[in-house]
Amino acid sequence: PPPAGASPSSGALNPFDRRLKRKQKNWAALQAEPAKCDYLREEVRGRGRRRGHLRTFPLALDVGSGRGYIAQHLTKETVEKLIQVDIAENALKNAVESEIPTVRVVADEEFLPFKEDTFDLVVSSLSLHWVNDLPKAFREIQRVLKPAGVFLGAMLGGDTLFELRCSLQLAELEREGGFAPHVSPFTAVADLGHLLSRAGFNTLTVDTDEIQVNYPGLFEVMEDLQGKYILCMGESNCSWNRKPLLHRDTMLAAAAIYQEMYGNSDGSIPATFQIYYMIGWKYHESQAKPAKRGSATVSFGDLAKIEGLLKKEKK
């Protein structure tokens with residue numbers, strides 16, 4: 001439920017209706033052939049894997065695991081035991097089986113029911129963008145990590161579906177004299193490193209990537225989002241200030257604007273998903289530490305001389 005001081009109209013302290021999100025994810029987990037809707041999660045998992053670390057983790061936690069998109073690609077050589085956490089019990093009941101011994105727990109990302117210093121690894125893929133209190137979620141993840149444990153995460157970024165967002169807003173302004181949000185708000189990448197640092201992570205790595213999917217037109221984008229990405233993946237907008245319906249005239253205007261502003265040369269239109277990838281470590285005294293200020297023995301000004309020295313050595 002909304003915390004004190006927040007309301008569905010303001011959305012100031014909690015932009016998302018978490019109970020609605022739980023219903024959406026539970027419904028999505030029961031749909032036929034849900035694997036057909038996992039193309040975005042599969043692509044993110046593949047790109048995120050290249051950013052991971054090759055070592056064995058005795059105990060790992062998957063936050064917002066859904067149907068186990070990450071678990072099915074892990075091996076016993078990487079993770080010896082896995083705990084999956086999600087707010088949707090149907091997603092956990094219908095999780096894909098893995099060769100790794102797995103325990104499934106229904107819990108919220110903001111209130112992880114585990115003791116401090118429990119896990120060697122925490123992962124999260126495309127779940128944290130629905131959290132109301134992201135700083136608290138990061139603090140919870142840092143709390144349950146063991147010293148020298150690592151957090152690997154991926155979440156949707158602020159430019160996700162910017163083409164759709166802009167087209168709908170311009171069409172609503174033209175046809176209805178105002179607009180309402182149809183795509184949920186996302187965190188800016190400039191804030192992400194600061195939030196992770198405040199949560200207690202160090203040796204941080206934050207980078208962005210974009211996945212672009214091309215469609216014949218706006219109606220195909222909406223059909224795929226509503227029928228596949230949003231519903232089957234449990235990604236329907238659950239903002240308190242969401243607008244439930246779009247007028248047909250507004251949709252037609254948005255389709256024309258989308259094609260005019262963003263259309264490809266072959267007549268298709270792009271839909272962009274921005275992904276933030278995060279790596280953060282919990283402090284341990286064995287970790288490498290930065291040198292003391294003023295202890296450097298080489299000046300950055302000397303770097304300009306390297307090219308000349310290399311040329312001289314080559315001669």
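This passage describes the fold of a predicted model, moving from the chain as a whole to the sheet, the helix packing and a few individual residues.

In the predicted model, the secondary structure of the chain comprises nine helices and seven strands. Of the 315 residues in the chain, 46% are buried. Among the contacts in the chain with a separation of 6 or more, 75% are accounted for by residues that lie 24 or more positions apart.

The seven strands are assembled into an open sheet, in which the order is β3-β2-β1-β4-β5-β7-β6 and the pairing is mixed. The edges of this sheet are formed by β3, residues 102-106, and by β6, residues 201-215, each of which pairs on one side only. From one strand to the next, the twist averages 15°. At the β3 edge, strand β2, which spans residues 79-86, runs parallel to β3 and is joined to β3 by five bridges. Within this pairing, Asp 86 is placed opposite Val 106 of β3.

Strand β4, which covers residues 119-125, stands between β1 and β5 in the sheet order, and seven of the seven residues of β4 are buried, so that the strand is mostly covered. On the β1 side, the strand formed by residues 57-63 runs parallel to β4 and is joined to β4 by three bridges, with Asp 62 standing opposite Val 123 of β4. On the β5 side, the pairing between β4 and the strand of residues 145-156 is again in the parallel sense and extends over six bridges; here the bridge partner of Leu 121 is Val 150 in β5. Between β4 and β5 the chain passes through helix α4, residues 134-144, and the resulting β-α-β crossover is right-handed.

Helix α4 also takes part in a helix pair. In general, the packing of two helices is described by the angle between their axes together with the distance between those axes. For α4 and helix α6, the latter comprising residues 189-198, the axes come within 9 Å and cross at roughly 45°. The two helices are therefore oblique to each other, an assignment that follows because the angle falls outside the ranges under 35 degrees, 65 to 115 degrees and over 145 degrees. The crossing of α4 and α6 is right-handed. The residues that meet in this pair are Leu 134, Pro 135 and Phe 138 of α4, and Leu 192, Leu 195 and Leu 196 of α6.

A second helix pair is formed by α5, residues 162-176, and α8, residues 248-262, which pack with their axes 8 Å apart and at an angle of about 130°. This angle makes α5 oblique to α8, and the crossing of α5 and α8 is right-handed. On the α5 side, the contributors to the contact include Phe 162, Leu 164, Cys 166, Leu 168, Leu 170 and Ala 171, and also the charged-group residues Glu 163, Glu 172 and Arg 175. On the α8 side, the contact includes Met 251, Ala 253, Ala 254, Ile 257, Tyr 258, Met 261 and Tyr 262.

Two residues other than glycine are noted for their backbone geometry. Leu 126 has a positive phi, near 55°, and is placed in the loop between β4 and α4. With a relative accessible area of 4%, Leu 126 is buried. Thr 203 likewise has a positive phi, in this case near 50°, but is found in strand β6, which is one of the edge strands of the sheet. Thr 203 is exposed, its relative accessible area being 53%.

A further residue of interest for the loop regions is Lys 115, which is found between β3 and β4 and which counts as exposed at 68% relative accessibility. The C-alpha atoms of Lys 115 and Val 144 are 6.1 Å apart in space, although the two residues are separated by 29 residues in sequence. When its neighbours within four places in sequence are left aside, Lys 115 is in contact with Arg 143 and Val 144.

Terms used. Residues are numbered from 1 along each chain as its sequence is written. This is a predicted model: local features need pLDDT of at least 70, side-chain atom pairs count only at pLDDT 80 or more; totals for chains, interfaces and linings use all residues. Side-chain values use heavy atoms; hydrogens and water are left out. Buried means under 20% relative accessible area, exposed over 50%, partly exposed in between (1.4 Å probe, protein chains only). Helices (H or I, at least four residues) and strands (E, at least two) are DSSP runs, numbered from the N terminus. Two strands pair if DSSP finds at least two bridges between them. A crossover is right-handed if, with the strands pointing away from the viewer, the path from the first strand over the helix to the second runs clockwise. Axes are lines fitted to C-alpha atoms, for helices over the stretch in contact, and angles run from 0 to 180 degrees between N-to-C directions. A crossing is left-handed if the near helix is turned anticlockwise from the far one by less than a right angle, and right-handed if clockwise. Contact means heavy atoms within 4.5 Å.
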